Amino acid sequence: MTYTDKKNNPQNKILTIPNLLSFFRLCLIPVFMWLYCVEENFLWTGILLVVSGVTDTVDGFVARHFNMISDLGKVLDPIADKLTQAAMLFCLLTRFPLMIVPLGLMVFKEFFMGVTGFLVIQKTGKVFGADWHGKVNTWLLYAMMILHVFWYNIPDAVSKALIAVCVIMMLISLVLYARHNMKALRDGEL
């Protein structure tokens, strides 16, 4: 493959609509943290969180349907997701102490996935995108966070149930990704 072929390969593109949407989501993080923690404006925090979730869905749709999937996007999209989720969970922790459980599990899961994912890339040369369980996990986390932001006086039992559902899905996703990455490391490719 020549330099020109590599340069024109969609996987090597940097300035794509999905990548710009992921970057936009990264830019939203300090804004919604400020709105939630400093201004205590839960309405606008929730609106920005919804916008972030919608752009996450849109960037994936655009990438797949318009052949804009890129290696950068495979990395940037989950980074934007996880930083958004971690920042919002941290904000919610100021009012809901039990948010420490999904936040701590997320940190562990992403550290483990980052290390094993890096090793998989080194061994196979492939960057894998999100699987169905990762997408379900993301949607559940966004739903749980949005409900906690908009529903200011959420009953404790409802809050705990929502958190429990997210934690269970995070554990399922961790196990499935771990099996996938360990198999890739053992077999050399998938």
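**A helical chain, read from helix H6 outwards**

Ala 143 is partly exposed, its relative accessible area being 36%, and this residue belongs to helix H6. In this predicted model, the C-alpha atom of Ala 143 stands 26 Å from that of Ile 69, a residue 74 positions away along the chain.

Before going further it is worth asking how far the coordinates can be trusted. The chain has a mean pLDDT of 89, with 91% of its residues at 70 or more. Among the elements of the chain, the lowest mean pLDDT, 48, belongs to helix H1 (residues 3-8), whereas H2 has the highest, 96. Over residues 1-6 the pLDDT is below 50, and this stretch makes two contacts in the model beyond near neighbours in sequence. Where pLDDT is low, the predicted coordinates should not be read in detail.

Helix H6 itself, which runs over residues 132-150, contains 19 residues and reaches 27 Å from its first C-alpha to its last, close to the 27 Å expected at 1.5 Å a residue. While Ala 143 is partly exposed, the buried residues of H6 include His 133, Gly 134, Leu 141, Tyr 142, Met 144, Met 145 and His 148. These buried residues of the helix pack against helix H2 (17-38), helix H3 (42-65), helix H4 (71-93), H5 and helix H7 (156-187). Asn 137 gives a detailed view of one such position: with a relative accessible area of 1%, Asn 137 counts as buried because that value is under 20%. Leaving aside residues up to four places away in sequence, Asn 137 touches Lys 82, Lys 109, Cys 166, Met 169, Met 170 and Ser 173.

The UniProt annotation "transmembrane region", taken from an unreviewed entry, covers residues 20-36, 136-154 and 160-178. In the model, residues 20-36 are 100% helix and 0% strand, with the end C-alpha atoms 25 Å apart. For residues 136-154, by comparison, the chain is 79% helix and 0% strand, and the end C-alpha atoms are separated by 23 Å.

The aromatic side chains can be followed next, and a search of the whole structure finds three aromatic pairs. One of them joins Phe 108 and Phe 112, whose rings are stacked, at 6.5 Å centre to centre and with 15° between the planes. Both residues lie in helix H5 (residues 100-124), four residues apart, which is about one turn of the helix. Phe 112 is partly exposed, with 25% relative accessibility. Elsewhere, Tyr 36, Phe 42 and Tyr 152 form one aromatic cluster. Phe 42 also has a charged partner, since the charged end of Arg 95 sits over its ring, 5.2 Å from the centre.

Two loop residues complete the account through their backbone geometry. Glu 40, found in the loop between H2 and H3, has a phi near 55°, a positive value in a residue other than glycine. Asn 67, in the loop between H3 and H4, likewise has a positive phi, of about 50°, although it is not a glycine. As for accessibility, Glu 40 counts as exposed at 55%, and Asn 67 counts as exposed at 54%.

How values were computed. Residues are numbered from 1 along each chain as its sequence is written. This is a predicted model: local features need pLDDT of at least 70, side-chain atom pairs count only at pLDDT 80 or more; totals for chains, interfaces and linings use all residues. Side-chain values use heavy atoms; hydrogens and water are left out. Buried means under 20% relative accessible area, exposed over 50%, partly exposed in between (1.4 Å probe, protein chains only). Contact means heavy atoms within 4.5 Å. Rings of Phe, Tyr and Trp (its six-membered ring) pair if their centres lie within 6.5 Å; planes under 30 degrees apart count as stacked, over 60 as edge-to-face and the rest as tilted. A charge sits over a ring if NZ of Lys or CZ of Arg is within 6 Å of the ring centre and within 35 degrees of the ring normal. The expected span of a helix is 1.5 Å times one less than its number of residues. pLDDT is the predictor's confidence in each residue, from 0 to 100. UniProt positions are given in the numbering used here, feature names are shortened, and annotations may be inferred rather than shown by experiment.
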